[in-house]
Amino acid sequence: MLNIGIDIRCLMNPIRTGVAEYTYELLRALFLLDQKNQYYLFYNSHEAVDLFIPQWKQSNVHYIKSTIPNKLFNGFQLLFHYPKLDRLIAKRAGIQKLYYFFSPNLNFTALSKKIKHILTVHDLSFEIFPDCYAAKQRLWHRLVAPKKQCKKAYAILCPSQNSKRDVVEHWGIEENKVKVISTGLTSLFAIPAANKQQVKKKYHLPEHFVLYLGT
């Protein structure tokens, strides 16, 4: 049995966009498959966000909440590398230690040296196309130091071969440390054939088309 920490700070908003949807669906599927290992879901907010956090009822899923204002919390993570999230979770959960810590996206993340950090890097658009980002967003990515996080990570997950290639080529990460795990489709997209025909007719779509939806 393993104690595994998971960063769910991306699930604190009322509306789930791409990263949050990825995190939610991945965890939902994982918790249905695994009732043995212990999962400790960490989030931090001074605001009342509990209403937005998905509530999994499995006995091996535990919630660890910190209530420090986010700007102060992120500042401490950045400047002092404190608190170490794995130690904070272990202390509050009353366990000896975590074996793994999973980050479903880039964030301010201070961890102990011995913890095995698994990090998802969805893409390097902020690195390759910085002009598409506002100055505040560029500053945020610089402060989060994604390349440094990848260098320290035990394993890196990417949703595509393209993202893996970018991580390896742009940041010099060892190729065997980067794993490609394609994202799946949720049951929300299992549209009956009759409904598909109605949609195609309504919007005058051809037989084959691509629908792209993003923020």
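Helices, of at least four residues, and strands, of at least two, are DSSP runs numbered from the N terminus, and the exercises below use these names for a model that is predicted.

**Exercise 1. Backbone outliers**

Task: Determine where Ala145 lies, what its phi is, and whether the residue is buried, exposed or partly exposed.

Solution: Begin with the location, which is the loop between α5 (135-144) and α6 (146-152). The phi of Ala145 is near 55 degrees, a positive value in a residue other than glycine. Most residues other than glycine have a negative phi, and most peptide bonds are trans. For the last step, the relative accessible area of Ala145 is 25%, so the residue is partly exposed.

A second residue can be treated in the same manner: His204, in the segment after α8 (193-202), also has a positive phi, near 55 degrees. With a relative accessible area of 71%, His204 is exposed. Finally, turning from phi to omega, the peptide bond from Tyr82 to Pro83 is cis, with omega near -5 degrees, and Pro83 belongs to the loop between α2 (70-79) and α3 (85-93).

**Exercise 2. The surroundings of strand β2**

Task: Work out which strands are joined to β2 by bridges, and which residues of β2 are buried on each side.

Solution: Take β1 (residues 3-7) as the starting point; five bridges join this strand to β2, and the two run parallel. Within this pairing, Ile4 has Tyr39 of β2 as its bridge partner. Next comes β3 (residues 61-66), which is joined to β2 by six bridges and is likewise parallel to β2; here Tyr39 is the bridge partner of Val61. The connection from β1 to β2 involves helix α1 (residues 18-33), and the three elements make a right-handed β-α-β unit.

The faces can then be separated. In a regular strand the side chains alternate between the two faces of the sheet. On one side of β2 are Gln38, Tyr40, Phe42 and Asn44, on the other Tyr39, Leu41 and Tyr43, and all of these are buried. The count for the strand as a whole agrees, since seven of the seven residues in β2 (residues 38-44) are buried.

**Exercise 3. Cysteines without partners**

Task: Explain why Cys132 has no bond to the closest cysteine sulfur.

Solution: The structure holds zero disulfides. Cys10 is accordingly in no disulfide, and its nearest cysteine sulfur, that of Cys158, is 16 Å away. For Cys132 the closest cysteine sulfur is also in Cys158, but at 20 Å, which is too far for a bond because a disulfide requires the sulfur atoms to be within 2.5 Å. As to accessibility, Cys10 is buried at 15%, whereas Cys132 is exposed at 63%.

**Exercise 4. Salt bridges**

Task: State how many salt bridges a search of the whole structure finds, and describe the pair Asp50 and Lys65.

Solution: The search finds five salt bridges. In one of them, the side chains of Asp50 and Lys65 meet at 3.0 Å, N to O. This pair links distant parts of the chain, 15 residues apart, with Asp50 in the loop between β2 and β3 and Lys65 in strand β3. Both ends are partly exposed, Asp50 at 37% relative accessibility and Lys65 at 27%.

For contrast, consider Glu25 and Arg28, whose side chains meet at 2.9 Å, N to O; both residues lie in helix α1, three residues apart, about one turn of the helix. Glu25 is buried, at 16%, while Arg28 is partly exposed, at 31%.

Note on methods:
Residues are numbered from 1 along each chain as its sequence is written. This is a predicted model: local features need pLDDT of at least 70, side-chain atom pairs count only at pLDDT 80 or more; totals for chains, interfaces and linings use all residues. Side-chain values use heavy atoms; hydrogens and water are left out. Buried means under 20% relative accessible area, exposed over 50%, partly exposed in between (1.4 Å probe, protein chains only). Two strands pair if DSSP finds at least two bridges between them. A crossover is right-handed if, with the strands pointing away from the viewer, the path from the first strand over the helix to the second runs clockwise. A salt bridge is a side-chain nitrogen of Lys or Arg within 4 Å of a carboxyl oxygen of Asp or Glu.
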